[in-house]
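Below are some notes on the chain arrangement and on one side chain. They are kept brief.

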Number of protein chains: 2
Amino acid sequence: MAKLKVLQFGLGPIGVRSARLAAGKESMELVGAVDIDPAKVGKDVGELDGGEPVGVKVSDDAAKILAETRPDVALHTTSSKFDAVVPQLELLAGAGCSVVSSTEEMLFPALKHAELAEKVDALAREKRVVLLGTGVNPGFVMDTFALIMSAVCYDVEKVHVDRRVDAGTRRLPLQKKVGAGISVEEFGARKARKAIGHVGLPESMALVAHGLGWPVDTMEEGLEPKVAPRDIKTEFLHVKEGQVAGIHNTGRVVSGGRERVTLDLQMYVGCPEVYDLVKLDSTPPIEAKVVTGVAGDLATAAMLVNLAARAVEVAGVNPGLRLMTEMTLPRLVG
Amino acid sequence: MAKLKVLQFGLGPIGVRSARLAAGKESMELVGAVDIDPAKVGKDVGELDGGEPVGVKVSDDAAKILAETRPDVALHTTSSKFDAVVPQLELLAGAGCSVVSSTEEMLFPALKHAELAEKVDALAREKRVVLLGTGVNPGFVMDTFALIMSAVCYDVEKVHVDRRVDAGTRRLPLQKKVGAGISVEEFGARKARKAIGHVGLPESMALVAHGLGWPVDTMEEGLEPKVAPRDIKTEFLHVKEGQVAGIHNTGRVVSGGRERVTLDLQMYVGCPEVYDLVKLDSTPPIEAKVVTGVAGDLATAAMLVNLAARAVEVAGVNPGLRLMTEMTLPRLVG
């Protein structure tokens, strides 16, 4: 089998990881890396994480790299917003390159950008590529994992998912992202201007409802601070009692007049138990718990690389802007 | 969307359940039911489980029913052995009907019947149908579930799966199948003539190794009795201390000189904790436990019906004798 030619597009913390992971896979060859940050351009990808060089230098000229290397698939890690990445998707798809993206809104692009999604889908079909949004959250623990557990059920009345993450063991940017150490008042102010919280819960809800064929009457999202009940020290921060320790993000889908999907994401410093739990009110009843949790950054890079093989496979038979439900079975690739 | 036209082929305990389930699905229409048992022929499918009639009578003339009803997909529940069902698959595929089968060996037909599998695959491609083996075990808990959990991993050194089933809460035939109430000596005699135990562990091992791209050096299967440590009464049986309570079935795959897949199935009366556990020695480490367990008979019927939609979907783009790894995301269908 010929190796899959992989382009890394975007070299933030996730992108550097997915690039290195792809470079180390036997079934893949990292053929290029693109980022617009002048501090990264010209450097070997391996310099960005302080590890061994991988033999691929970062370029800011995506069109040139695409023409020179003709990749099969790009690992795309640039932004959370679908509309913001459409020009990048057009460039990649236009060059015949499939895309697996960590763009959270791209898990279910039609939710917030239906028209744009149609347009991008048409291009992907024409160019015979797959464009896919995936990741861990959204992308796996609060959506795909719940869906696959429903396969053993006669029927499902309701899907509930809990995710618990100890932000204290994660990178400083994540601790800041969840508001660790700010006041409850400041949390409210940031929430009002949408400058805090997790992106992707509505997309997870939409994917679950779509995957189960449940029309959505209403979809609600809630965001509240988790307040530190005592002083908590992390490697980077000291969160005082009464300050914000992190976020509590909830989602709820009503379909046919009944509550059918509820998601509960708690990500805060000092979270005592880390896990992912899918609970189906179903016949037979199903409760599946990832007792280790699923570590966000590592696992997101892994999902991108592992789904790259699936996206290329599906591109051969069913190209387009596709969903996780349309991929062949997600799994580790060698 | 037109309803999927479903044929039930085989009306044992699982088949009656899958037929009724399909009949009740909004997206499906049960168009026929086939069995050779004279005691069942002519009866409404609903009479076989003592429930409401479903409006479909059992026929022993499969060719006639196929010609009259032209089903999209058959739920096939007749035998554990692939070679035994090939004439049935040929009949169904020849009529342009995809097949989702509970035939345990069909989860990975090439393991024991490589040539036959090639021949059947060629027919399925020609007729543009998908033929798929699935179920709960094999089919989900000890293979597909482990594979999908690997999607969030950088790499996996080893896959381990435990399945614990309390045979005491199951049908009498299952209690007998696992040898509950026989002597250890009798267990040995039945084992020697392959008249006891679970069918499918090698196929689960093969699917996991194949799905992860691990070449199999050696594959071993073990079968030992679980001996009752005390008297145990079930609804049907009284198992005395020292008698057989059930089976302990193990599997082990060596790949590249290393042990990489181990499966451990314990199915016996008095099993104190029922669960399914996937444990990956991986980066990041993953341990996922279905704390409810996955109830065998109900869930197997559910898998057949739910995968029928996936098989027909895949038949449109990638027909053939296919594996679970080649299906789009398994999930509940409405």
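Which residue of chain B comes closest to the rotation axis?

1. Thr328(B) does, with its C-alpha at 2.2 Å from the axis. The contact residues of chain B recur in chain A at 100%, so the same surface serves both copies.

2. This is a predicted model. In it, a turn of 180 degrees with a shift of 0.0 Å along the axis lays chain B on chain A, and the RMSD is 0.0 Å. That relation is the one of a two-fold axis. In general, a rotation about an axis and a shift along it relate two copies of a chain.

3. Turning to a single residue: Gln175(B) sits in helix 7 of chain B, which covers residues 172-177. Its relative accessible area is 0%, so Gln175(B) counts as buried, the cut-off being under 20%.

4. Two backbone oxygens are reached by the side chain of Gln175(B). The one of Arg170(B) is at 3.0 Å, and the one of Ala167(B) lies 3.2 Å from a polar atom of that side chain.

5. Beyond the neighbours within four places in sequence, Gln175(B) is in contact with several residues, among them Gly168(B), Thr169(B), Ala180(B), Thr234(B), Leu237(B) and Val269(B). Ala167(B) and Arg170(B) belong to this list too.

6. Phe236(B) is also one of the contacts of Gln175(B). In sequence, Gln175(B) and Phe236(B) are 61 residues apart, while their C-alpha atoms are 8.7 Å apart in space.

Note on methods
Residues numbered from 1 in each chain as written. Chains lettered and ligands numbered in written order. Predicted model: local features only at pLDDT ≥ 70, side-chain atom pairs only at ≥ 80, totals over all residues. Heavy atoms only, no water. Least-squares fit on C-alpha atoms with pLDDT ≥ 70 in both. Contact = heavy atoms within 4.5 Å. Helix = DSSP H or I, 4+ residues; strand = E, 2+ residues; numbered from the N terminus. Buried < 20%, exposed > 50% of the residue type's maximum accessible area, 1.4 Å probe, protein only. Polar contact = N/O pair within 3.5 Å; in protein donor to acceptor, adjacent residues only side chain to side chain.
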